[in-house]
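Good morning, and thank you for joining this group meeting. I shall speak briefly about one model, and I ask you to keep the display in view as I go.

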Amino acid sequence: MSEAAVTKERVGGLQRSYWLPLQGCPGCQHPVVSRLIAEVLEEMDLDGSAIIALGVGCAACIAGLNIDAVLGSHGGAPDIATAIKRLHPERFVLTMQGDGDCIAIGAGPLIAAMGRGENITIIMANNTNYGTTGGQLAPTTVMGQITSTTPKGRDQQTEGFPIHAAELAATFQGVSYSARGALDTMANYQRTKKFLRRAFQKQLDREGLSFVEVISACPPNWHMTPLESVDWITNVVLREFPVGEFKNAKRADALSRQQGKAASKGNAA
Amino acid sequence: MTERTLVKGNEAVGWGAVNAGCDGFFGYPITPQNSVIEWFARELPARGKVFVQSPSETSAIMMVFGGAAAGRRVLTSTSGPGWALMQEGMSHLAAADLPAVVVITQRGGPGQGSVRHAQMDYLCVTRGGGNGGYKNIVLAPASVQEVHDLVQLAFYLADKYWNPVIVLSDAIIGLISETVELKALEFGPVPEKTWAVKGRANHAEKVVRRMVHTSVSAGKILEGYPTYLSWMAYKDDKYKTMAAAEVRHEAYRSDDADLVIVAYGYPSRVCKEAIHRARTEGLKVGLIRPISLWPFPAAPIREKAERGCKILVVEDSLGQMVDDVKAAVPDNTEVHFLGMLSRHLPDDSGMILPKTVLDKIRSIL
């Protein structure tokens, strides 16, 4: 059976009675992120045990998948995922959030979950703006980008600089895996799928929190055609937010580093 | 002879939760409820249960949301400023019709206010507080034993109605120690959580479950509600059922009373002492102590007023529950009020003393 056919039957089966369609605006790449997640969950045989904690915003369109989902407050997905994973360690628990949900309003829960090294997977679709509400400034908006709240373009004097979530995640000892993917080329599509598979494996191996950011096109709010959006990702967004793995470690690495520091401190004393 | 143990009010929350079969606690430190979270940190992991110290009350209540959505018995505890932060999550719990327990050890406000006793959160606790107009059952203990018992009742009522239940304690009840009979209470069966999100393959029907957004809540997890108003109608029906069935109060020496005091929490104990002294002087005074603050025991208070009783409301605030009492009685009823401005000291350690209540009783009768 082909991969696509299995996905459609098992995971991607669109729930037509349900209010959230598994689709976005023309050229939106959030459904592509959802599809990648669905493919990897299914290939790793995790879709039956998976529970997705959702952020508020367009990224929640993943709720159309045939996978259990919980949606709470804006930015609260890491908290919801934490509780479910602690109470049901045998379940596969992930979040699907947008950049505003994840690193603006949800920065507190995200950072705390990374600090605790929760054994969950966080996926952040980064479209460099608030898509659902009409394209306002996000922490990820690139320099000079025009949004509805930065009509003259993002200015470092007033709006500062983009937050690099994947690089930030890599600095946490509780995080075992951090990567950023993109969907502008088939090569990046396949790399992103590989990142997701590695991130999911980290949770299965109980290595702590795994984080994957995916650059995702938002043509209506970028005021571009879908094809222009893909070009803009390649030529502008990925210069600010490079694709790649920023961390791929074992939890034991963090522990031994910590113990090493403690030991050297002890020697000095 | 039943065995009794000396327990602090805040720690009775823990014993009550464990006796109710609680699976997890998620909370953030705040005075004067720190001995609640510290009890759970010490005792829950030792029993194989989950304890997580959250990075904020905003997070604590969303963790409770996640645990409840997964079908487990979970709770959190806080005090005034933390309760304010939890309103977003409370509204989401209400939206999803999720069972959960929140224990509040009241302190003085507004803002950071005072870390000592007060009853200034009555309105924001009984009236919802978050967006969207929902109802939560609110239970108010007046002793350490009652903290232990009402926490168990709270878990039962939460599961019975698929609704958050709040236990509204205060810094006096939370910090005093009394002897308590620690035992699991039986309240009866609760409906199966046919909506609990466990991962599709773990559901009997093998069909996906979503706890997502309006029109898909515990009340109708599988098919959702056909319209927004049908979703509201489900809640309206539930709130009316709770309002009719879950009214609780204690009547104390009120049968022959000319004056009925209405007080909850720690001031109700002060009032009992004042009533004892007043009775020795031949003054016919009784007490109606609301145990459920929502739904409010309006009927027994109204009945007293209709029989000609005068009413005195004693609460350690500038006057909040007194509004519910006034709404319960006929317009021509004499309703007196004794509040926090009658404390015996001007700083935040002052209390409404039995002598103060007795003087008020004398002035009315």
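The contact between the two chains draws 32 residues from chain A and 35 residues from chain B. Please bear in mind that this is a predicted model.

Which elements of chain A give two or more residues to the side that touches chain B? They are β1 (50-54), β2 (68-71), α3 (77-87) and α5 (107-116) of chain A. The largest share comes from α3(A), with eight residues. If we sort this side of chain A by residue class, we find 18 nonpolar, 10 polar and four charged residues.

One of these elements also pairs with a strand of the other chain. β2(A) pairs with strand β9 (residues 210-211) of chain B, in the parallel sense and over two bridges. Within that pairing, Val70(A) stands opposite Met211(B) in β9(B).

I turn next to a residue of chain A. Leu110(A) is found in helix α5 of chain A, and α5 is among the elements that contribute to the side touching chain B. Is Leu110(A) buried or exposed? The criterion for a buried residue is 20 or more other C-beta atoms within 10 Å of its own. Leu110(A) has 27 other C-beta atoms within 10 Å, and it is therefore buried.

Which residues does Leu110(A) touch, leaving aside those up to four places away in sequence? They are Pro78(A), Cys102(A), Ile103(A) and Ile122(A). A further residue to consider is Ala77(A): in sequence it is 33 residues apart from Leu110(A), while in space the two are 8.4 Å apart, C-alpha to C-alpha.

Let us now move to chain B. Here five strands form an open sheet with mixed pairing, in the order β10-β12-β11-β14-β15. Its edge strands are β10 (249-252) and β15 (335-338) of chain B, each of which pairs on one side only. On average, and ignoring direction, neighbouring strands of this sheet are turned by 20° against each other.

How many bridges join β14 (residues 310-314) of chain B to β15(B)? There are four, and these two strands run parallel. As an example, the bridge partner of Ile311(B) is Val335(B) in β15(B).

Finally, a helix accompanies this sheet. Helix α10 (residues 266-280) of chain B lies across β10, β11 (259-262), β12 (285-290) and β14 of chain B. With respect to β12(B), helix α10 runs at about 165°.

Thank you for your attention.

Technical notes
Residues are numbered from 1 along each chain as its sequence is written. Chains are lettered from A and ligands numbered from 1 in the order in which they are written. This is a predicted model: local features need pLDDT of at least 70, side-chain atom pairs count only at pLDDT 80 or more; totals for chains, interfaces and linings use all residues. Two residues are in contact if their C-beta atoms, placed from the backbone, lie within 7 Å. Ala, Val, Leu, Ile, Met, Phe, Trp, Tyr, Cys and Pro count as nonpolar, Asp, Glu, Lys and Arg as charged, and the others, Gly among them, as polar. Two strands pair if DSSP finds at least two bridges between them. Axes are lines fitted to C-alpha atoms, for helices over the stretch in contact, and angles run from 0 to 180 degrees between N-to-C directions. A residue is buried if 20 or more other C-beta atoms lie within 10 Å of its own, exposed if 12 or fewer, and partly exposed in between; C-beta atoms are placed from the backbone.
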